[in-house]
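This report walks through one protein chain and the ligand that goes with it, from the surroundings of the ligand to the helices and then to the chain as a whole. Please keep the sequence and the structure in view while you read.

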Amino acid sequence: MKNRVCDILNIQYPVIQGPMAWITSSDLVAAVSNAGGLGVLGTSADFTEIVKGIPENVEEMRKTIRRTKTLTDKPFGINVFPAAGDPYGFSKAMIELAKEEGVKILVVAGGVSPDEIRQWKKDGFIVIMREDNPTVRGAQLAEEAGADIIVATGCDEGGCMPHLSTGTTAITALLADAVKIPVLAAGGIVNAKLAKAAQIVGAEGVFVGTRFTMSKECRAADATKQDILKTHPDDYIVFTQSGGHCKWRTTPHKHGKEGIEANKRGDLNPPCGSFYYGMLKGDMDAGVNTISNTASLIKSIDSCEDIVKELAAPFIQNNTTDFFELVKSRYSERFYAPTPIEQEKLDKIIEAGRIAPTARNCQPQHFYIIRSQDGLAKLKTVTKYHYNAPAMILVCYDIQKVWKFDMDRNYPNYNSGEQDGSIAATSMMFAAEALGVHTVWVRDFDSKTAAETFGLPDNMMPVMLLGLGYPNERAKPSAWHFQKNPVEDFVTEL
Ligand SMILES: Cc1cc2nc3c(=O)[nH]c(=O)nc-3n(C[C@H](O)[C@H](O)[C@H](O)COP(=O)(O)O)c2cc1C
């Protein structure tokens, strides 16, 4: 997979967990980074009580950073703010801390400050710029100053959302069109469909908060998560705060209801309460329980690993519907991640093999799916070329069904099983690739051993093994992939 966000951040999947102040923690950040995304420490991550004073905050955050490093050896980021949004120098101190502790990725939230971006770049940071009220001019300014990645935040988001009423799709499309550096879409991305929508309009990755609030590893109180699960989307409340600079969307409790009333009276700065007692501790009347407008599409609390994989799916697929591009980009995968293939995708792959053409439409093909622990262990005794793929399909043909042919003197007793099996396997191979599942074709095994090991009926003849799975960080084509002979060697006009 070629993805610029992954290349810049040195991560496997372009899924970035947006910082969420108190409810972020070293556990959450490490879980996202270990899953191949990028975890980002928010302010007060891991803090167990409200800490006053900048030096005290710095020392607490130092502990958080060090703990995160014990939990992951993968990159992670830290949330900071430009000086204009940092009157007491809190963020400045955090940036110094990031330098001392070797945290290389700054996730900057606020207005675009070109001089500061230039300085951070000089200091060796990777800069992800998230303008709180995103604009085309702001994104271009950040790009000129050297920012590495832009976040396009739509008013669909959870947290302190833009007062501009531009949705995630529109702002992503606008910013992706305006800058050359990659753009991440933020706001309302809670499942693969919404991630796909962002990808279609130009996002090269996603920046996600609410979906990670609803993860097993997020330390928000269970009461907070249950409140989100049970609230009907029509009941969400949006009110304006910070003198009109931002808005909050919340489940309907004290601060949301009072915020709306205050706005009606012309008060654009009603309190949003305590994040610590609210979302972290679970007292829903103590502060806003802030969410994206799509939060009700989240039906369960899942692991960060599952969430990262789901949201990454649109970006790891061969981003092409062009068959010729697909044929070119496909290579034999020999490095697999242990991630299982989704049943939905496996069904589609099998379907491609089922409907493949066969000689005289005899349909002799049969597919044995090997993905159980026991099956994969047996497979390892059948061939050493299993590459630890999480699934392999043993493609066979049925000798009783196959078309038989005795008119070719070069092939007495010919049957079309090898061809039929290979056509079905090729169809499945490209179906898998089109779904972002990598493949390898394996014929280095003994048919009899395979048949005996898996207890196949006597009429089943093995043709090949099709390895399936997602690539791991070592994945790349072998040298053979590029060594193709010229077309003249293959074609003769008769
Ligand atoms: C509960 C919550 C707290 C947040 N706190 C912060 C924060 O402290 N700093 C920040 O830059 N963004 C914060 N955000 C915004 C997220 O980083 C991210 O931009 C946003 O969640 C993306 O939209 P989504 O929630 O629809 O996925 C917060 C979001 C949520 C949901």
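Sorted by class, the shell around the ligand in this predicted model is made up of ten nonpolar, 14 polar and three charged residues. Of the 27 residues around the ligand, those that come nearest are G18, G158, G159, G209 and S292. Two elements, β9 (205-208) and α9 (210-213), give two or more residues each to this shell, and α9 gives the most, with three residues.

The element α9 also appears in the surroundings of helix α2 (residues 26-34), since it is included in what covers the buried residues of that helix, together with β1 (15-17), β2 (39-41), α3 (54-71), β3 (76-80) and α13 (304-316). Helix α2 is mostly covered, with eight of its nine residues buried, and these buried residues are S26, D27, L28, V29, A30, A31, V32 and S33. Just after α2 comes G36, which takes a positive phi of about 105°.

Helix α7 (residues 168-178) can be read in a similar way, residue by residue. Its buried residues include T168, T169, I171, T172, L175 and A176, and the buried residues of α7 pack against α6 (136-145), β6 (149-153), β8 (183-186) and α8 (192-200). It helps to remember here that an α-helix has 3.6 residues a turn, so residues three or four places apart point the same way.

Next comes a pair of helices. Two packed helices are described by the angle between their axes and the distance between the axes. For α3 and helix α4 (residues 90-101), the angle is about 35° and the axes are 10 Å apart, while the crossing in which α3 passes α4 is right-handed. The residues that meet are listed by helix in the table.

| Helix | Residues in the contact |
|---|---|
| α3 | I54, N57, V58, M61, R62 and I65 |
| α4 | F90, A93, M94, L97 and E101 |

By class, the residues of this contact of α3 with α4 divide into eight nonpolar, one polar and two charged.

Seen as a whole, the chain contains 18 helices and 17 strands, and its C-alpha trace spans about 90 × 45 × 40 Å along its principal axes. Of the 494 residues in the chain, 45% are buried. Among contacts between residues at least 6 apart in sequence, 68% join residues at least 24 apart.

The chain is divided into domain 1 (4-236 + 291-316) and domain 2 (320-482), and the C-alpha centres of domain 1 and domain 2 lie 40 Å apart. Contact between them involves four residues of domain 1 and four residues of domain 2. On the side of domain 1 that touches domain 2, the residues divide into two nonpolar, one polar and one charged.

One residue, A475, is worth following on its own; it has its place in the segment after β17 (460-469). Is A475 buried or partly exposed? A475 is partly exposed, because 17 other C-beta atoms lie within 10 Å, whereas a buried residue would need 20 or more. Leaving aside neighbours within four places in sequence, A475 is in contact with E333 and F335. A475 and S332 are 143 residues apart in sequence, yet they are 9.8 Å apart in space, C-alpha to C-alpha.

Notes: Residues are numbered from 1 along each chain as its sequence is written. This is a predicted model: local features need pLDDT of at least 70, side-chain atom pairs count only at pLDDT 80 or more; totals for chains, interfaces and linings use all residues. A residue is near a molecule or strand if its C-beta atom, placed from the backbone, lies within 6 Å of it. Helices (H or I, at least four residues) and strands (E, at least two) are DSSP runs, numbered from the N terminus. Ala, Val, Leu, Ile, Met, Phe, Trp, Tyr, Cys and Pro count as nonpolar, Asp, Glu, Lys and Arg as charged, and the others, Gly among them, as polar. A residue is buried if 20 or more other C-beta atoms lie within 10 Å of its own, exposed if 12 or fewer, and partly exposed in between; C-beta atoms are placed from the backbone. Two residues are in contact if their C-beta atoms, placed from the backbone, lie within 7 Å. Domain bounds come from an automatic or database domain assignment. Axes are lines fitted to C-alpha atoms, for helices over the stretch in contact, and angles run from 0 to 180 degrees between N-to-C directions. A crossing is left-handed if the near helix is turned anticlockwise from the far one by less than a right angle, and right-handed if clockwise.
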